[in-house]
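Student: Let's go over the interfaces in this one. Can you take me through them?

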Amino acid sequence: MVKVVLSNPMLALTQGSRELEFAVSNYRELTLALCAQWPQMATLIERSAVAIDGQIYQDAFAEPLASGSEVFFMPRIEGG
Amino acid sequence: MAEAVDYKQIGTSPVRPDGFDKVTGRAQFGADVNLPNMIHGKVLRSPHAHARIKSVDVSAALAMPGVYAAISGADFPGGRLEGEAGGEGGGTMDDVAKNVMARNKVLYHGHAVAAVAASTARLAEQALEAIKVEYEVLTPVLDVVAAMDAAATLVNEENYTALPEKPENPSNIANVGRLERGNLDEGFMAADVVVEREFTCPMAHQGYIEPHACIASIDERGRGTVWCSTQGHFEHRAATSKMLGKNMADLKFVATEIGGGFGGKTVVYLEPLATLLSEKSGRPVKMTMSREEVFRATGPSSATVARVKVGVRKDGTITAAQSWIAFEAGAFAGAPYMPGAMSIYAPYEIENFLVETFDVLVNKPKVAAYRAPGAPQAMHAFECALDEAAQLLNMDPIDLRMVNAADEGTQSPYGPKFPPIGFKACLQAAKAHPNYTKPVPEGAGRGVAVGFWFNVGMQSSAEVNINENGSVMIIEGSPDIGGSRASMCLMAAETLGIDYDDVRAQVGDTESTGFCNVTGGSRTTFATGMAVTQACEAVIADCKRRAAMTWGLDEDQVEWEDGQAVPGPGVNADVKPLSLAELARKAGKTGGPITARASLNAQGAGAAFSVNFADLRVDRETGKVDVLSYTAIQDAGKAIHPAYVEGQMQGGAAQGIGWALNEEYIFDENGVLENAGFLDYRIPVASDLPMIDTEIVEVPNPSHPFGVRGVGETPIVAPLGVCANAVSRSLDMRITELPMSPPRLLDAIDG
């Protein structure tokens with residue numbers, strides 16, 4: 001199972017559930033699973049960066065996820 | 001990842017390739033492009049900080065001989081623009097368009113209301129005086145805390161706080177951020193000392209020396225070229241074409257040399273105006289801002305009010321931290337409220353914390369990114385509170401930070417666990433530094449603070465072309481604001497195994513190379529460097545194929561060593577190695593020119609930490625502060641060009657010292673900026689600063705082929721706290737308001 005930690009704006013959709021688990025093998029499958037459960041999640045995912053096992057991706061798409069992987073959704077950062 | 005040893009090119013500091021042109025005056029900056037029949041554009045700016053525009057009449061200006069075009073908000077396509085602008089705090093494209101030219105309301109003093117193009121700059125200025133604008137003046141909103149009150153005057157009647165459920169009423173709060181973990185009550189109960197303070201940071205400008213400038217030349221078909229001083233010509237092209245309803249393929253953007261940006265040139269101001277004026281007049285239009293316009297209508301950073309509470313045990317462990325920070329966004333949403341929230345505790349492992357941040361509209365210029373946007377203001381507050389805790393515990397401030405320091409595997413406050421980071425290595429280097437082990441000079445105070453920035457990757461493209469003699473030409477799409485051309489050449493030379501002097505790099509225009517995001521977020525050496533490295537690796541693969549063809553071997557029987565193809569181990573071939581130059585000379589026989597390109601969306605930018613300390617002395621009679629010494633230590637991952645890395649650290653320190661000691665936007669009660677010039681807005685000059693001593697720490701980023709971390713943002717973060725802590729220790733009283741200018745310090749000294 002992949003452990004998913006949602007960002008604050010996402011909690012309103014999940015009624016406050018921050019940590020979830022999914023049986024998926026890549027990031028695309030994870031986002032599809034989230035959107036299947038909460039369709040409004042798609043916009044929030046699009047606006048988020050994501051950290052997969054500590055590695056920050058501004059635009060993840062099909063990155064592989066192993067059992068035990070940790071996925072954190074977080075605000076996008078750009079900088080000056 | 002490549003071993004951090006035995007590099008031949010990386011880690012050297014050759015003379016910058018753009019230096020000669022810059023010191024001889026040959027370099028072409030934004031205002032240096034001149035074209036036949038060129039005319040000059042000027043902008044009419046609002047005399048009010050907050051007013052409704054009742055009418056704009058440009059007819060009298062247009063009737064003047066020598067005036068070729070005049071525009072106002074009505075000349076831009078209507079309807080709401082979708083999408084967001086690049087750069088931190090870029091905001092929505094719709095807001096950026098309304099910042100470029102006001103529509104129904106002016107939202108700050110200096111907001112663009114109309115623009116003209118005339119045969120001379122003087123005539124254009126005279127034509128501005130002929131434009132008639134009727135205003136209904138409204139009360140300006142100038143105080144960030146008062147602006148948050150539900151009863152406050154609204155900057156934008158259509159602004160509702162972005163919450164999952166739309167609030168009933170509009171307000172000046174555009175966005176809120178919140179990060180939390182653990183139990184605050186339990187954390188503060190476990191503390192032996194608790195420090196609670198309110199800190200303020202002023203609005204400060206990026207202070208780039210080159211004002212905004214551009215030239216647009218648009219033909220009768222609406223197609224043409226824009227030359228501009230920018231951190232991202234691709235994103236400037238996208239914004240300009242979107243605002244004007246044009247196909248971006250009709251516009252070519254050329255990035256000129258740039259005289260500083262620091263985040264402030266990630267957004268458009270003049271380019272859409274010059275493009276529209278050129279299209280209407282049928283002539284090339286040059287637009288340059290005066291310094292006053294730069295101050296009034298571009299940049300600045302957010303002013304902040306930060307309330308911080310921290311609890312610490314006797315052994316130095318931070319047991320709880322709570323922060324509330326209001327960021328001024330200026331007239332449109334887009335303050336760096338989330339980076340502030342995410343960075344404030346980032347260097348530390350804290351069990352119990354809460355940080356709440358707010359993006360608040362006020363009638364001041366729309367803020368823009370400024371090096372590590374949001375982090376200096378937020379971390380200044382927390383680093384000062386930690387320093388006071390260290391004093392209360394009679395503990396060395398570096399030791400206190402070491403007790404709590406984040407390391408590989410620490411869960412960051414914003415979520416993920418840190419990969420390898422260099423924070424502890426920076427703390428160790430600081431503690432052992434000879435500037436730290438020597439006594440504090442008589443009457444001075446020593447301040448310590450730390451800095452952090454996430455760094456980013458994002459999209460980059462690069463081409464590598466091998467010339468007929470084996471020399472190398474790189475074309476990248478990232479404007480060079482901090483020496484990236486030299487870094488690209490070093491990485492290419494290292495990868496190809498050739499001399500640095502055989503490699504050149506240039507910044508291609510939007511029709512010459514693939515898309516690149518803005519040069520910002522400390523991403524260029526990391527991400528564009530990765531593209532250059534990948535393109536060089538493709539060149540090597542091609543050269544091995546050509547050598548195999550020449551020798552009658554299989555490709556996997558050829559290796560690349562020291563810039564030449566050689567038979568692999570155990571391959572029995574009586575051949576001489578083929579250098580890149582030899583392969584290039586024979587390229588016509590082996591398949592044509594040797595070129596390669598790479599485009600990527602780089603992930604895995606490694607966070608950069610810093611530790612700074614300095615000795616400052618306050619003259620108690622005048623309030624003047626002398627910086628006696630300043631030391632900056634930072635993890636660069638791997639310094640590709642160490643002198644440039646040191647330059648980034650020194651430049652960031654100088655800017656941070658200026659922000660801490662003197663720089664601030666001073667508005668009157670009507671929202672008029674009173675110090676819109678370098679005489680009254682005082683940035684540090686050489687005589688204000690000592691030599692900024694630097695030490696580069698190298699804890700390689702495992703996500704980059706050479707271990708690179710971005711270095712441009714982090715250096716500005718620590719100096720605010722460093723200076724405040726040094727001055728506070730020097731005076732033996734906590735100074736919580738920046739800048740610590742002489743009058744403010746005299747007020748504090750006089751009680």
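Tutor: Start inside chain B. Between domain 1 and domain 2 of chain B, 7 residue pairs are in polar contact, both at pLDDT 80 or more. Such a contact is a pair of N or O atoms within 3.5 Å; within protein, one must be able to donate a hydrogen and the other to accept it, and sequence-adjacent residues count only if both atoms are side-chain atoms.

Student: What classes of residue does domain 1 of chain B put on the side touching domain 2 of chain B?

Tutor: 6 nonpolar, 8 polar and 5 charged residues. Ala, Val, Leu, Ile, Met, Phe, Trp, Tyr, Cys and Pro count as nonpolar, Asp, Glu, Lys and Arg as charged, the others, Gly among them, as polar.

Student: How many salt bridges between domain 1 and domain 2 of chain B?

Tutor: 2. The term needs a Lys or Arg side-chain nitrogen within 4 Å of an Asp or Glu carboxyl oxygen. Lys22(B) pairs this way with Glu257(B), closest N and O atoms 3.4 Å apart.

Student: What is the model's status?

Tutor: Predicted: local features need pLDDT of at least 70, side-chain atom pairs 80 or more, while totals for chains, interfaces and linings use all residues. Residues count from 1 along each chain as written, chains are lettered from A and ligands numbered from 1 in written order, and side-chain values use heavy atoms, without hydrogens and water.

Student: Now chain A. Which side chains form a salt bridge between chain B and chain A?

Tutor: Lys417(B) and Glu70(A), at 3.9 Å, N to O. The count between these chains is 1.

Student: How many residues are in contact there?

Tutor: 33 of chain B with 18 of chain A, contact meaning heavy atoms within 4.5 Å.
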